[in-house]
Amino acid sequence: MDGIVTEVAVGVKRGSDELLSGSVLSSPNSNMSSMVVTANGNDSKKFKGEDKMDGAPSRVLHIRKLPGEVTETEVIALGLPFGKVTNILMLKGKNQAFLELATEEAAITMVNYYSAVTPHLRNQPIFIQYSNHKELKTDNTLNQRAQAVLQAVTAVQTANTPLSGATVSESAVTPAQSPVLRIIIDNMYYPVTLDVLHQIFSKFGAVLKIITFTKNNQFQALLQYGDPVNAQQAKLALDGQNIYNACCTLRIDFSKLVNLNVKYNNDKSRDYTRPDLPSGDGQPALDPAIAAAFAKETSLLAVPGALSPLAIPNAAAAAAAAAGRVGMPGVSAGGNTVLLVSNLNEEMVTPQSLFTLFGVYGDVQRVKILYNKKDSALIQMADGNQSQLAMNHLNGQKMYGKIIRVTLSKHQTVQLPREGLDDQGLTKDFGNSPLHRFKKPGSKNFQNIFPPSATLHLSNIPPSVAEEDLRTLFANTGGTVKAFKFFQRDHKMALLQMATVEEAIQALIDLHNYNLGENHHLRVSFSKSTI
């Protein structure tokens with residue numbers, strides 16, 4: 001799935017693990033009014049006709065093939081970056097919805113954008129086209145929940161109206177908080193730069209200053225807006241979001257500080273109102289052209305029709321991808337779902353062992369150990385982000401005593417052998433495997449992707465299995481168990497530490513999905529914790 005800089009950077013593929021893990025009810029370019037949710041039986045009949053893909057433009061859009069469990073908020077969020085959303089009608093039984101925007105122009109921008117990049121909700125592609133209807137007429141009393149959503153959105157959106165020059169009643173605005181946000185980044189597997197933060201947060205208003213630092217081994221930042229309202233909107237929309245696919249999660253709070261004192265403009269801190277500041281000793285100086293652009297940038301607010309409230313312009317995303325940091329479809333990992341793994345121990349390696357190890361970072365579809373070069377294999381992942389994650393985490397790790405090399409393959413798919421041809425079991429199709437960790441949209445597994453480590457996280461342990469049983473089981477994989485700890489509140493889970501990362505990799509390959517009895521199959525993954 002994809003994060004702000006991956007597919008959401010190009011504005012779309014929003015799985016539930018990142019699109020609405022926060023509460024994306026606001027956007028700097030959009031207000032919502034008269035939002036009505038969910039249809040009754042009559043509405044279903046009224047909107048029975050399938051809309052034509054090439055129909056005349058309309059401010060009402062017909063959205064099809066929605067996942068069954070999708071929420072109104074997720075559908076509304078598709079339209080937020082393009083302008084004001086004025087109405088919604090969900091046809092849940094048909095997995096369809098109608099979304100009404102304030103203007104035809106906004107709807108055209110949205111359709112044009114999503115025709116270039118397929119939109120996804122909860123990892124599932126959906127289809128957007130113009131409706132035959134020119135406006136939505138819905139019953140405002142349809143359901144109470146819809147009205148509650150509407151009120152919540154209106155409260156947030158009202159605070160946004162000064163950006164469009166409208167007036168607001170004093171009572172509607174939430175009490176002003178600090179204009180300074182404290183940002184912590186969890187699961188930071190790719191570098192997050194000051195420029196990336198500026199790109200993301202400037203969608204919600206003028207960013208004046210940013211200071212980045214590391215505290216308690218965590219990358220943190222302080223970011224100051226010109227107005228506390230912008231800080232509030234950014235916190236509402238971005239808290240809990242992932243910057244990159246399945247990692248680099250934003251945790252945002254208001255800071256007690258109301259003003260930041262920035263002394264240097266460099267890659268650690270920046271005052272966008274003072275391009276003349278020195279770069280400081282030992283820090284790379286800023287490019288003069290960039291410095292000149294700072295003063296301009298502070299006066300710019302988000303432009304209506306921007307890709308997504310969380311989007312980073314393609315140039316920045318492409319640069320990040322070029323540096324090999326990001327798995328981004330269409331840029332570095334576009335069609336590259338296939339990995340080439342070399343320097344394997346050909347005496348030991350099997351398609352199943354590669355499936356288990358690479359399956360920690362994505363859903364492996366097919367594995368082929370090369371017939372004429374059995375120390376190499378092709379591994380096809382479910383998407384480009386997963387292949388990038390697997391490559392970043394597993395290249396250079398030791399498997400069966402050999403340091404493996406993982407690169408993107410020029411192949412687009414892994415071919416299965418022709419029927420009747422015996423390839424000695426070197427090719428295996430795992431497309432329908434029940435062991436895929438990331439099949440379920442919004443699965444917690446997306447948040448628990450960690451580099452190979454000596455400490456393993458065990459789960460699904462039955463009550464009858466004791467610490468000694470597990471220590472013996474893991475010692476039998478050929479390594480040394482250094483430490484073990486059951487989770488205090490939940491004895492179904494434990495941490496187990498092997499002597500080395502290589503031993504932990506071996507144990508995971510051998511024991512993930514091991515049958516512990518009582519219909520409990522052990523689940524093993526790498527942990528960021530130590531015992």
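This passage describes the nonpolar cores, a buried strand and the ring contacts of a predicted model.

The largest nonpolar core contains 83 residues. Within this core, F201, L354, F358, L456 and F474 touch the most other members. Helix α12, spanning residues 501-511, gives the most to the core, with 6 residues. For L456, contacts were computed without counting residues up to four places away in sequence. On that basis L456 touches F474, a residue that, like L456, is listed among those touching the most other core members. L456 also touches A494, L495, L496 and M498, as well as A504, A507 and L508. Its remaining contacts are V524, S525, F526 and S527. A second core, separate from the largest, consists of 24 residues. Its members include I63, L78, L99 and Y130.

Strand β9 covers residues 218-225, and 7 of its 8 residues are buried, so the strand is largely enclosed by the rest of the structure. Two strands are paired with β9 as described here. Strand β7 (residues 180-186) runs antiparallel to β9 and is joined to it by 5 bridges. In this pairing, I184 of β7 stands opposite Q220 of β9. Strand β8 (residues 207-215) is also antiparallel to β9, and 8 bridges join the two. Here I210 has L223 in β9 as its bridge partner. Strands β8 and β9 form a hairpin with 2 residues between the strands. In this hairpin, N216 takes a positive phi near 50°.

A search of the whole structure for aromatic pairs gave 2. The pair of F355 and F430 is stacked, with the ring centres 4.2 Å apart and an angle of 15° between the planes. This pair links distant parts of the chain, since its two residues are 75 residues apart. F355 belongs to helix α9 (residues 351-358), whereas F430 lies in the loop between β19 (427-429) and β20 (455-459). Both F355 and F430 are buried. The pair of F484 and F486 is edge-to-face, at 5.0 Å centre to centre and with 85° between the planes. F484 and F486 are buried as well.

A further ring contact involves a charged group. The charged end of K374 sits over the ring of Y371, at 4.7 Å from the ring centre.

Definitions and conventions: Residues are numbered from 1 along each chain as its sequence is written. This is a predicted model: local features need pLDDT of at least 70, side-chain atom pairs count only at pLDDT 80 or more; totals for chains, interfaces and linings use all residues. Side-chain values use heavy atoms; hydrogens and water are left out. Rings of Phe, Tyr and Trp (its six-membered ring) pair if their centres lie within 6.5 Å; planes under 30 degrees apart count as stacked, over 60 as edge-to-face and the rest as tilted. Helices (H or I, at least four residues) and strands (E, at least two) are DSSP runs, numbered from the N terminus. Buried means under 20% relative accessible area, exposed over 50%, partly exposed in between (1.4 Å probe, protein chains only). A charge sits over a ring if NZ of Lys or CZ of Arg is within 6 Å of the ring centre and within 35 degrees of the ring normal. Two strands pair if DSSP finds at least two bridges between them. A nonpolar core is a set of buried Ala, Val, Leu, Ile, Met, Phe, Trp, Tyr and Cys residues joined through side-chain atoms within 4.5 Å. Contact means heavy atoms within 4.5 Å.
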